[in-house]
Amino acid sequence: MISYKSYIKTVVVIFGFIIVYSCEQEKSPVMDLSGTWQFQMDSLDAGEQEEWYATKLNDTIQLPGSMAENGKGNDITLDTYWMGNMWNDSLWYKSPKYAEYRQPGNIKVSFWLSPEKVYYGPAWYQKEINIPEDWKNKNIFLELERPHWESSLWLDGKKVNSKNSLGTAHIYDLAEFLTPGKHSISLRIDNRIKDIDVGRDAHSISDNTQTNWNGIVGDIQLVAKPQVYIDLVKINPDVEGKEVEVKIQLKNTTGSPQEISLTLDAKGAEELPSKAEKFQIDADREITMRYSMGKNPALWDEFNPNVYQMKLVLKSENSEDSKNVAFGMREFKADGKQFAINGRPVFLRGTLECAIFPLTGYPPTEVEEWKRIFNVIKDHGLNHMRFHSWCPPEAAFIAADKTGIYLQVEASAWATIGDGEPIDEWLYKEAQDILDAYGNHPSFVMMAYGNEPHGDHHKKYLQKFVDHFKEREKTKVFTAGAGWPFMESADYFNSPAPRIQHWAEGLKSIINSKQPQTVFDYDEIVENTSMPLVAHEIGQWCVYPNFKGMSKYTGVLKPKNFEIFQKTLEENHMGQLADSLLLASGKLQALCYKADIEAALRTKNFAGFQLLDLHDFPGQGTALVGVLDAFWGEKGYISPVEYSAFSGETVPLARMEKRIFLNSDTLKASVEIAHYGEKAFKGVVPKWKIEKADGSIFTKGEFSKKDVEIGNGIPLGDVAIPLNKIEKAEQLTLSVTVEDHTNTWDVWVYPEEKKTISNEGTIRVVEKLNASTIDYLKKGGKVLLNITKDDVKSGKGGDIGVGFSSIFWNTSWTNGQKPNTLGILCNPEHPAFNAFPTEYHSNWQWWDAMSNSNAIVLDQFSPNLKPIVRIVDDWFENRRTALIFEVKIGEGKLLISGVDLHTNLSERLEAQQLLYSLKNYMAGDQFDPKVKIAIEDIQSLFNNG
């Protein structure tokens, strides 16, 4: 129990602290305006004409925050105006299957997450302020971090100005308006596209991702500066010269010449001396000073994120001003066809951030949250992030500086440009504002106008845009647009060409048309590109929805699209399979990403890749392309360690012409390495081994000791292993280890001479159900029906595009691009696979089957009919799709294979082995279908019965 004396002492201390704190607050040059503001929606856009800025608004709101966070706005209806193109998503408005979700009280859209509240138009925010006496004769600025979008300011009923930057703070100079005492601030914020059209799908404004919110979500403050003050500071590091060039813009509002002194003082890993110089300034002036960074300046890169703080102190006759600026000693540039950081080659291993923040609907302005995100991508082996058609808040740059992430920033647009519209001029200002605000951050290394430009004159416009900013900014590299166009004067090229699947490519893509192998690369594309080439938006591989993750959506955005998909799954009697469908399709998704990334790493002189995406993209039809969810959380089918094994700084690589072998073959692999670590490896001994599925070692070995320099395409040695000791069908895993970096590849070996199947004569293998076969079945025979591809009727599965890979982006926005499926789901312990080793999901030994098959829809049959091999269907459909299933016909037993097991069979090792395994199963006692189906119902599945 506290004593009375102690109590009095504590009160005195607290009271004294309050007095001191209050005095300090009065002297503070910053006034925080966060908290309660008066508020009013202006849906009729009448506020300006009716002079709302001169009257007290009738509601309140908490800032920083958005209207949606405050429960302000409208409910979603059929008439909701969305900021985003619909493409094929417009089917939601007319498709009968979505009719129940177009009813009042049950509005659920399928194409992106649903905001709790929506609002499109102007809204008013108002607050009373009290300017302290000691701010008299000072320059006072209102700083609004991250308003969305256009802000207009009235002070005491008089209009000050308007601002419309999307990427930087809106800063209003109030020197001529504010005097000590009470004043009224009125802000009108308008989130409509008006004269400046950055594009409805630009992630700076789109409902596809962050939502088209209205509000202010960062710092809101008044800042007082003396009559002579420091404005913009630009720090240009000179790594070779071990110094920085500091360009300082000074403002003199006294109206008379001023004698000033400027002191520079950098703090970092070592103590550095201050440097002071004196100047006379008559009015505004830019001053350049050079500052020595000592004998051994700490350089900044992904491995050593050393950040300096430069304190600038300006003293004039009657005032003092200071500013702290973060910077790094680094040189990032194009070096031939690759990038270099401080003279060392860099391979960009990147992902996108498309402004996906489901809890708030807008990007965080807290450093710790960005550090969390960047640490997640680093855990997955990545070192780079592209901000697709938007620019993040300063917190992201600070976090990237501290974690060592290279950033590509874009000027807030995905637009039609070059046609003389207001967007053309606005983009120059937006880009310059971004460079001025964030350009000192060492993590900010790359810049583009925005995403995938359009317009008849976009290339000519971007030629001037790139030339303009290259001339003014030497610490960044510039490209025209993310995706296109190629431009000789640019520093690098973002190209969609190096991918294993392209838009509209369907089943003709590398991954779906070329048999399993690991030799393809993009050497020819790189050789024909005169600058660093960074692959644009590779991946886009989908996974089945993670319904368990729906509980995470506790903020302003709700996963009602997921609710639609979950309901159709349950209605089709597969709700209990949700987790299995996720895991099985996830394993295939990860396999596709591994193939994509390794192809990039195998390409000599490649500059890097930008994934779409490491985490889910919630819009554009619902694009579940992440191995992580929209919150950067794991889904359970691949760990960061497993992912980084093929995407990290050091990745062993094996080139194999094929992955399916006979035991009479020799497994051959040319092994190399992509090594972009901090230092070269000296005297390493690369090791390899081949393991069986049970973990036992089939064989192992070592390559010769060698030094491994930084780069890729570095040969380690060759593996050539006869497989004649393999006696039965086996899945083997080749692994290569260099230091503590290991990568693996699965291969399959099948016996050339197969054991005779007992009672094989009791099985009839057919391609169609003719009268003789039906009669044989009804009398108790065993039949394997393996159909010819395209024999299944449309509507019964014949119209489903089956391929090996996962779905690309999603079937909605690609208008049904094939494949329309997400791999297989099976029980690997099922006796049908006794001679065809498999996991529960697709792996490369299923490539042939998926490339020569139809899906078969079982929706018309009892849910008790459970396929031996399911095809994981598109979540927009959730059909009970089968690849292989069995039924009872009369007294007979029928196994139906959607896989063609007869065409060109001599050239298809996997098909031979699968056929053998199925026949082996059917010949035994375990082949005993339980579900009885009428033969007419089976015949109704196929063309020509």
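**Close-up A. Glu 537, a buried residue in a strand.** In this predicted model, Glu 537 has a relative accessibility of 5%, so it counts as buried. Glu 537 belongs to strand E31, which runs over residues 533–539. Take a look at the backbone too: phi of Glu 537 is near 55 degrees, a positive value in a residue that isn't glycine.

**Close-up B. Thr 622, a loop residue with positive phi.** Here phi is near 85 degrees, and again the residue is something other than glycine. Thr 622 sits in the loop between strand E33 (608–612) and helix H10 (640–644). With a relative accessible area of 0%, Thr 622 is buried.

**Close-up C. Tyr 53 and Trp 154, a stacked pair.** The count for the model comes to 56 aromatic pairs, and this is one of them. The ring centres of Tyr 53 and Trp 154 are 4.9 Å apart, with 5 degrees between the planes. Tyr 53 comes from the loop between strand E2 (35–41) and strand E3 (59–63), while Trp 154 is in strand E9 (residues 150–155), so the pair ties together parts that are 101 residues apart in sequence. Both Tyr 53 and Trp 154 are buried.

**Close-up D. Tyr 308 and Phe 327, another stacked pair.** Centres 5.5 Å apart and planes at 20 degrees: that's why the pair of Tyr 308 and Phe 327 is stacked. Tyr 308 lies in strand E20 (residues 308–315) and Phe 327 in strand E21 (residues 320–327), so the two rings tie together parts 19 residues apart in sequence. Tyr 308 is buried, and Phe 327 is buried as well.

**Close-up E. A cluster of aromatic rings.** Follow the ring pairs here and you'll pass through Tyr 544, Phe 547, Tyr 553, Phe 562, Phe 565, Phe 631, Trp 875 and Phe 876, which they link into a cluster.

**Close-up F. Two lysines over phenylalanine rings.** Lys 225 has its charged end over the ring of Phe 141, at 5.0 Å from the ring centre. For Lys 476, the ring underneath belongs to Phe 444, and the charged end is 4.9 Å from its centre.

**Close-up G. Cis peptide bonds at Trp 149 and Pro 819.** His 148 and Trp 149 are joined by a cis peptide bond with omega of about 10 degrees. Trp 149 is in the loop between strand E8 (147–148) and E9. The bond from Lys 818 to Pro 819 is cis too, with omega near 0 degrees. You'll find Pro 819 in the loop between strand E45 (782–786) and strand E46 (821–826).

Key. Residues are numbered from 1 along each chain as its sequence is written. This is a predicted model: local features need pLDDT of at least 70, side-chain atom pairs count only at pLDDT 80 or more; totals for chains, interfaces and linings use all residues. Side-chain values use heavy atoms; hydrogens and water are left out. Rings of Phe, Tyr and Trp (its six-membered ring) pair if their centres lie within 6.5 Å; planes under 30 degrees apart count as stacked, over 60 as edge-to-face and the rest as tilted. Helices (H or I, at least four residues) and strands (E, at least two) are DSSP runs, numbered from the N terminus. Buried means under 20% relative accessible area, exposed over 50%, partly exposed in between (1.4 Å probe, protein chains only). A charge sits over a ring if NZ of Lys or CZ of Arg is within 6 Å of the ring centre and within 35 degrees of the ring normal.
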